Amino acid sequence: MMSLSIASPSGATFTPKINLSKSSFHGIRIAQASPVRAPSASAIRTTHSCSSLVVKMAKREEELKEIRTKSTEELQEEIVDLKGELFMLRLQRSARNEFKSSEFLRMRKRIARMLTVKRERELEEGINKRISRKLDRKWKKSIVPRPPPSLKKLQEEEAAAEAKESA
């Protein structure tokens, strides 16, 4: 226990008893004046002209139309190819080779769009989620591993260069 003495102008002394072990004081809260914040990146982006957003949406719509014109088998083949390309990009990144980092996002979004169109078609046929997952597992097991198109192209270029050197 601690006692505190306070002297008054009349000369009388007041000594209240304070129990520190059972204090209800848990700290003080300091209210901050509203700080001036820099404009966020999203606010800056929205101040730009909307024409770039319209162009992006138009490109997206064109890409979706192109994807929807393909058959389901063609979609599955292209999904496998894009996943192979994505794997090659990951290998390039891990080997610290030069690559375009924007390709990761572009490929992932394209794969997602294709899978979305594939699922839309399944819903139109009345295939529920459970059966869809079974079909996906079957399809994934049936995939024959093959090199992605970019690797095939690279191998063809190397073979052409070797043929040129030998000739």
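**Exercise 1.** Show why helices α4 and α5 are oblique to each other, then describe their contact.

*Solution.* A word on the model before we start: it is predicted, so local features need pLDDT of at least 70 and side-chain atom pairs count only at pLDDT 80 or more, while totals for chains, interfaces and linings use all residues. Residues are numbered from 1 along each chain as its sequence is written, and side-chain values use heavy atoms, with hydrogens and water left out.

- Step 1: find the helices. α4 covers residues 102-125 and α5 covers residues 129-142; helices here are DSSP runs of H or I with at least four residues, numbered from the N terminus.
- Step 2: take the angle. The two axes come within 11 Å and cross at roughly 130 degrees, where axes are lines fitted to C-alpha atoms over the stretch in contact and angles run from 0 to 180 degrees between N-to-C directions.
- Step 3: classify it. Angles under 35 degrees are roughly parallel, over 145 roughly antiparallel, 65 to 115 roughly perpendicular and the rest oblique. The pair α4 and α5 is therefore oblique.
- Step 4: add the hand. α4 and α5 make a right-handed crossing (the near helix is turned clockwise from the far one by less than a right angle; anticlockwise would be left-handed).
- Step 5: list the partners. K118, R119 and E122 of α4 meet K129, S132, D136 and W139 of α5, contact being heavy atoms within 4.5 Å. By class this contact has 1 nonpolar, 1 polar and 5 charged residues (Ala, Val, Leu, Ile, Met, Phe, Trp, Tyr, Cys and Pro are nonpolar, Asp, Glu, Lys and Arg charged, and the others, Gly among them, polar).

**Exercise 2.** Now turn to α2 and α4, and work out their orientation and contact.

*Solution.*

- Step 1: the axes of α2 and α4 come within 10 Å and cross at roughly 50 degrees. These two helices are therefore oblique to each other.
- Step 2: the crossing of α2 and α4 is right-handed.
- Step 3: α2 brings R60, E63, L64, E66, I67, R68 and T69 to the contact, and α4 brings R110, R113, M114, V117, E120 and R121. Sorted by class, the contact of α2 with α4 holds 4 nonpolar, 1 polar and 8 charged residues.

**Exercise 3.** Repeat the analysis for α3 and α4, and place E78 in the picture.

*Solution.*

- Step 1: the axes of α3 and α4 come within 10 Å, crossing at roughly 155 degrees. That pair is therefore roughly antiparallel.
- Step 2: α3 passes α4 in a left-handed crossing.
- Step 3: the contact includes L75, E78, I79 and L82 of α3 and R110, I111 and M114 of α4. Its residues divide into 11 nonpolar, 2 polar and 10 charged.
- Step 4: zoom in on E78, which sits in α3. Leaving aside residues up to four places away in sequence, E78 touches K70, R110 and M114. Its C-alpha atom lies 10.0 Å from that of I67, 11 residues away along the chain.

**Exercise 4.** Describe the two largest pockets and say which helices line them.

*Solution.*

- Step 1: fix the term. On a 1 Å grid over the protein atoms alone, a pocket is an open set of points where a 1.4 Å probe fits, with protein on both sides within 12 Å along at least five of seven lines; lining residues have an atom within 4 Å of a point.
- Step 2: the largest pocket holds about 310 Å³, a volume being the space filled by probe spheres set on the points, which are joined across faces, edges and corners. Its lining is K56, K59, R60, E63, S102, L105, R106, K109 and R113.
- Step 3: α2 (51-69) and α4 each give two or more residues to this lining, and α4 gives the most, with 5. Its classes are 1 nonpolar, 1 polar and 7 charged.
- Step 4: the second largest pocket has about 260 Å³. Of its 13 lining residues, E85, M88, Q92, S150 and L151 lie nearest its centre.
- Step 5: α3 (72-94) and α6 (149-166) each supply at least two residues to this second lining, and α6 has the largest share, 5 residues. The classes here are 6 nonpolar, 2 polar and 5 charged.
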